[in-house]
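Here's a walk through the places where the parts of this model meet. Have the structure open and follow along.

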Amino acid sequence: MSIEIANLHKRFGQHTILENLNLKVETGQLVALLGPSGSGKTTILRIIADLEQADAGTVILNGRDTTQDPLDKRRVGFVFQHYALFRHMTIFENVAFGLQVRPRAQRPSKKDISDRVRELLSLVQLDWVADRYPHQLSGGQRQRVALARALAVEPEVLLLDEPFGALDAKVRAELRRWLRKLHDDTGITSLFVTHDQEEALEVADRIAVLHQGRLEQEGTPEEVYEHPANPFVFHFLGDVNLFHGRVHQGQAELAGVSLPAPGHEGAENAPAVAFVRPHDVELSREPEPGALVAEITSIHSFGPLARVQLRDHQAGRDLEAALPLERLRALRLTLGEVVFVTPRQAKVFLDQPTEATGTWGI
Amino acid sequence: MSAASVREPFWVRLLLTLVALAFLAVALVAPLVAVFHQALKDGLALYFAAFQEPEAWAAIRLSLVAATVAVVLNTVFGLAAAWLLARFRFRGKGFLTTLLDIPFVVSPVVAGLIFVLLFGAQGWFGPWLDARDIRIVFALPGIILATTFVSLPFVAREILPTLQAQGTEEEEAARMLGASSWRTFWRITLPNIRWALFSGIVLCSARALGEFGAVSVVSGHIRGETNTLPLHVEILYNEYQFTAAFACASLLTLTALVTLLLKSLLEWRIRAAARRALEIPS
């Protein structure tokens with residue numbers, strides 16, 4: 001079932017939560033709504049679920065306008081950040097609830113309900129906790145039960161509100177891979193909210209980036225990561241080095257660095273900002289044309305990528321470089337050493353006075 | 001235990017403890033003992049004889065009827081009011097919350113007088129009721145009204161914090177799974193607040209059974225008809241029937257003690273449930 005949101009508006013008092021929001025989720029896709037807190041992503045989810053009402057706009061499920069439909073007709077499964085398991089019921093009763101409350105004519109027999117619950121619990125690999133209560137389970141287990149409970153009513157759309165937000169890093173990483181696999185197995189159209197770009201990039205088929213109630217960009221993880229539509233998206237999807245400067249006929253001049261700025265060939269000495277990902281920053285002992293000179297202020301060498309913080313004293317700015325551990329070892333960099341820094345590539349945006357650069361600037 | 005340096009000297013602790021104990025003994029324990037001593041000092045036969053009186057029986061029955069109706073009404077009202085206050089934002093919410101406490105602060109005598117003023121023969125609705133031969137003051141309806149008024153806040157006050165702490169997520173989850181709002185209330189909301197609700201009902205019952213002032217004003221003291229148990233105690237006492245008076249008083253005291261016991265048991269359950277809910281997932 002596809003989800004289509006058209007011209008959604010939502011205000012709360014003086015505060016605009018959603019502004020003219022349009023989004024389409026194709027059948028069978030797993031889409032991430034990514035944005036900082038307060039960007040309106042949870043509100044979108046709650047409006048689709050009919051837990052909240054939009055001031056204007058429509059929600060179209062499977063080509064049908066459901067804005068006026070009652071809650072139980074929408075066939076939407078919802079997974080809450082804090083699980084929202086029924087605390088006074090066993091795990092079995094929790095998962096069975098959605099089937100038990102069906103009108104008598106549609107309610108499966110006791111045995112069918114029991115079979116279905118067992119089946120779902122083994123799908124989430126928790127068939128051994130059926131008789132326990134939610135408070136006896138760990139956070140990760142609770143969220144898997146919540147997922148099984150949502151799937152019990154065979155929803156056509158699954159909505160997940162920061163499903164792993166309350167879990168620790170390791171469980172989080174495990175669960176999101178597991179969610180991806182579950183989605184591949186069931187093929188149910190899913191929309192999940194997250195503020196964690198890594199989570200969105202790793203799990204989702206497509207990502208919708210939200211900022212202050214507006215959709216900034218929508219696309220595959222590669223598209224939004226490699227070709228961010230604007231400075232906000234670039235900045236939000238990973239660490240960046242920020243350079244201020246000017247663009248002139250396709251070439252960016254950024255306080256000592258000159259880089260090609262594709263797409264800005266027509267620019268005439270226009271003020272611009274350039275973003276350089278840390279892994280696009282090259283470090284070297286040999287002086288190179290157009291290189292910056294900076295002092296190493298710290299080195300973090302855990303994981304496959306080492307992170308080096310540098311201080312460009314001349315321009316008075318901090319830089320960050322990420323390089324493979326072997327390269328760091330080969331260079332034998334030390335703290336306090338002065339090296340040459342070359343940005344390999346940059347994403348250049350013309351300064352738009354409407355953009356409130358202060359809100360996302362480094 | 002706190003560190004030795006921040007602990008008060010031994011004599012200060014001893015003094016404070018003794019003051020507290022002495023106060024409790026004089027204000028609470030002594031009266032309790034006195035009630036049972038007076039009631040039982042002429043032997044068990046006379047003690048039980050006090051309850052065989054038809055007037056005593058009538059008073060017990062009336063007290064039970066009035067308290068039962070009041071508790072049922074206040075339970076329904078309390079659930080509705082607490083639900084409204086916990087789940088919705090609206091103008092005048094703070095005012096409504098304050099209004100709920102009026103029976104706590106208004107003297108019961110004043111409460112009784114209000115009903116006389118409204119429904120008495122000279123009252124606002126008096127002539128209208130009189131023309132239709134409906135009796136409220138000096139009859140059962142008045143006693144029920146007065147009892148309901150004084151015991152009104154207990155159920156709402158007890159469940160409101162639990163309902164607020166509970167949040168709405170479980171209810172939303174139930175709705176998303178296709179449960180009607182009626183069903184969600186019975187299967188999700190009510191089980192979650194059940195201990196607080198019981199606790200409110202227990203307190204409400206105790207207050208309703210023991211009410212004297214407001215009922216005294218509206219009852220009219222018709223023996224065997226509009227005398228509740230507390231009013232009956234007063235009459236017996238004024239007639240120097242001390243054993244009977246204290247026998248009936250001991251009955252009221254016993255209900256109070258049972259209330260106390262139930263209340264502490266329920267509080268223990270509420271705390272245990274809250275602890276479980278707060279348990280941090282690993």
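What follows takes the contact between the two chains and then the contacts between domains inside each chain.

**Where chain B meets chain A**

Keep in mind that this is a predicted model. Let's begin with the chain-to-chain interface, where 23 residues of chain B touch 30 residues of chain A. Together the two chains bury about 2,500 Å², and carbon and sulfur atoms account for 58% of that area. On the chain B side, the residues that lose the most area to chain A are Met176(B), Leu177(B) and Arg187(B), which together make up 29% of what that side buries.

What about charges and polar groups? Two salt bridges are counted between chain B and chain A. One of them pairs Arg46(A) with Glu172(B), with the closest N and O atoms 2.6 Å apart. There are also four residue pairs in polar contact between the chains, both partners being at pLDDT 80 or more.

If you want to find this surface on chain B, look at its helices. H10 (169–176), H11 (181–210) and H14 (242–278) of chain B each supply at least two residues of the side that touches chain A. H10(B) gives the largest share, seven residues. By class, the side of chain B that touches chain A has nine nonpolar, four polar and 10 charged residues.

**Inside chain B**

Chain B is assigned two domains, domain 1 (1–41) and domain 2 (43–278). Their C-alpha centres sit 31 Å apart. Seven residues of domain 1 of chain B are in contact with 12 residues of domain 2 of chain B. The area buried between these two domains is about 780 Å², with 77% of it from carbon and sulfur atoms. In domain 1 of chain B, Phe36(B), Ala39(B) and Leu40(B) lose the most area to domain 2, together 53% of what that side buries.

How many salt bridges are counted between domain 1 of chain B and domain 2 of chain B? The count is zero. Two residue pairs in polar contact do cross this interface, with both residues at pLDDT 80 or more. The domain 1 side of chain B is made up of five nonpolar residues, one polar and one charged.

**Inside chain A**

Chain A is also split by the assignment, into domain 1 (3–233) and domain 2 (239–350). Here the C-alpha centres are 39 Å apart. Five residues of domain 1 of chain A contact five residues of domain 2 of chain A. Between them the two domains bury about 470 Å², 62% of it on carbon and sulfur atoms. On the domain 1 side of chain A, Tyr225(A), Pro228(A) and Pro231(A) lose the most area to domain 2, and together they give 80% of what that side buries.

No salt bridges are found across the interface of domain 1 and domain 2 of chain A. Residue pairs in polar contact, both at pLDDT 80 or more, also come to zero between these domains. The side of domain 1 of chain A that touches domain 2 has four nonpolar residues, one polar and no charged.

**The buried areas together**

Here are the three interfaces for quick reference.

| Interface | Buried area | Share from carbon and sulfur atoms |
|---|---|---|
| Chain B and chain A | about 2,500 Å² | 58% |
| Domain 1 and domain 2 of chain B | about 780 Å² | 77% |
| Domain 1 and domain 2 of chain A | about 470 Å² | 62% |

Technical notes. Residues are numbered from 1 along each chain as its sequence is written. Chains are lettered from A and ligands numbered from 1 in the order in which they are written. This is a predicted model: local features need pLDDT of at least 70, side-chain atom pairs count only at pLDDT 80 or more; totals for chains, interfaces and linings use all residues. Side-chain values use heavy atoms; hydrogens and water are left out. Contact means heavy atoms within 4.5 Å. Buried area is the accessible area (1.4 Å probe) that two parts lose on being put together, summed over both. A salt bridge is a side-chain nitrogen of Lys or Arg within 4 Å of a carboxyl oxygen of Asp or Glu. A polar contact is a pair of N or O atoms within 3.5 Å; within protein, one must be able to donate a hydrogen and the other to accept it, and residues adjacent in sequence count only if both atoms are side-chain atoms. Helices (H or I, at least four residues) and strands (E, at least two) are DSSP runs, numbered from the N terminus. Ala, Val, Leu, Ile, Met, Phe, Trp, Tyr, Cys and Pro count as nonpolar, Asp, Glu, Lys and Arg as charged, and the others, Gly among them, as polar. Domain bounds come from an automatic or database domain assignment.
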